[in-house]
Amino acid sequence: MAKTRELCKDIRDKIVDLHKAGMGYRTIGKQLGEKATTVGAIIRKWKMFKMTVNLPWSGAPCKISPRGASMIMRKVRDQARITRQDLVNDLKRVGTTVSKKTISNTLRRHGLKSCSTRKVPLLKPAHVQTRLKFANDHLDDPEEEWKKVMWSDETKIELFGLNCK
């Protein structure tokens, strides 16, 4: 829901005065042209803090708007392995310049955390042993035998038909 205008101090004080006079929230709202929920919020604030003015918020305002945050969450949901730098670049294209730390804070605020993939060796010891055994077994094979071997290097090769995938 969008943020609405802030009521001036005169109207807030008038709401509190009418409440002190014994009028209900709906009646005050109709008389002043405000919603009953707004009237109730102002009266609750007055009862709790004995004042009606809004104090300034502490800290700097958030650089990422709620719309930008939802864009970030949508991107992360669609592409789980997207990097923070990619998200920074996406926001820069929209017109918001932020740091990677700001992206991390936004993700954490929405219940996600960033992580790095684990660095593991490409070959396990069993794979190394298997390859070494294969090399030793075929060390003395003649060249004619090796000409019959098709080396694929883990690449899909189709001899007949369309190579569509």
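**Packing and charge pairs in an all-helix model**

Among contacts between residues at least 6 apart in sequence, 42% join residues at least 24 apart, where contact stands for heavy atoms within 4.5 Å. This is a predicted model, so local features need pLDDT of at least 70 and side-chain atom pairs count only at pLDDT 80 or more, while totals for chains, interfaces and linings use all residues. Residues are numbered from 1 along each chain as its sequence is written, and side-chain values use heavy atoms, with hydrogens and water left out.

As for the overall layout, the chain has 8 helices and 0 strands, which reads along the sequence as α-α-α-α-α-α-α-α. Helices here are DSSP runs (H or I, at least four residues; strands are E, at least two), numbered from the N terminus. Of the 165 residues, 19% count as buried, with buried set at under 20% relative accessible area, exposed at over 50% and partly exposed in between (1.4 Å probe, protein chains only). The chain exposes about 14300 Å², and carbon and sulfur atoms supply 56% of that area; accessible areas come from the Shrake-Rupley method with a 1.4 Å probe, and for residues only the protein chains shown count as cover.

Now for the inside. The largest nonpolar core has 13 residues, and Ile64, Ile72, Val76, Leu87, Leu91, Ile103 and Leu107 have the most contacts inside it. A nonpolar core means a set of buried Ala, Val, Leu, Ile, Met, Phe, Trp, Tyr and Cys residues joined through side-chain atoms within 4.5 Å. The elements that give two or more residues to this core are helix H4 (66–78), helix H5 (84–94) and helix H6 (100–109), with H4 handing over the largest share, 5 residues. Apart from this core lies another one, of 7 residues, including Leu7, Ile15, Ile28 and Ile42. Back in the 13-residue core, Leu107 touches Ile72, Met73, Val76 and Leu112, not counting residues up to four places away in sequence.

H6 is worth a look of its own. Ile103, Ser104, Thr106 and Leu107 are buried in this helix. Seen down the axis of H6, the buried residues fall within an arc of 165° and so line one face of the helix; the arc is that of the directions from the helix axis to the C-beta atoms. These buried residues of H6 pack against H4 and H5, whereas the face turned away from the buried side carries the exposed Lys101 and Arg109. Just after H6 comes Gly111, with a positive phi of about 90°.

Next, a charged residue under cover. Glu34 sits in the loop between helix H2 (25–32) and helix H3 (36–49), and Glu34 is buried, at a relative accessible area of 17%. Leaving aside neighbours within four places in sequence, Glu34 is in contact with Arg5, Leu7, Gly29 and Val39. One of these contacts, Leu7, also belongs to the 7-residue core.

On to the charge pairs. Side chains of opposite charge can pair when their charged atoms come close. The structure holds 6 salt bridges, each being a side-chain nitrogen of Lys or Arg within 4 Å of a carboxyl oxygen of Asp or Glu. Arg12 and Glu6 meet in one of them, at 3.1 Å from N to O; Arg12 is buried, with a relative accessible area of 6%, while Glu6 is exposed at 55%. Asp90 forms another with Lys75, the closest N and O atoms being 3.3 Å apart. That pair links distant parts of the chain, with Asp90 in helix H5, Lys75 in helix H4 and their positions 15 residues apart. Asp90 is buried at 10% relative accessibility, and Lys75 is partly exposed at 28%. Glu145 and Lys148 also pair up, at 3.8 Å from N to O; here Glu145 is partly exposed at 40% and Lys148 is exposed at 65%. Through shared partners, salt bridges join Lys75, Asp90 and Arg93 into one network.

Last, the surface. Leu122, Leu123 and Val128 form a nonpolar patch with about 310 Å² of accessible area together. Patches are made of residues with over 30% relative accessible area and no salt bridge, with nonpolar side chains (Val, Leu, Ile, Met, Phe, Trp, Tyr) joined within 5 Å and like charges within 9 Å. Within this patch, Leu123 lies in the loop between H6 and helix H7 (125–137) and is partly exposed, at 37% relative accessibility.
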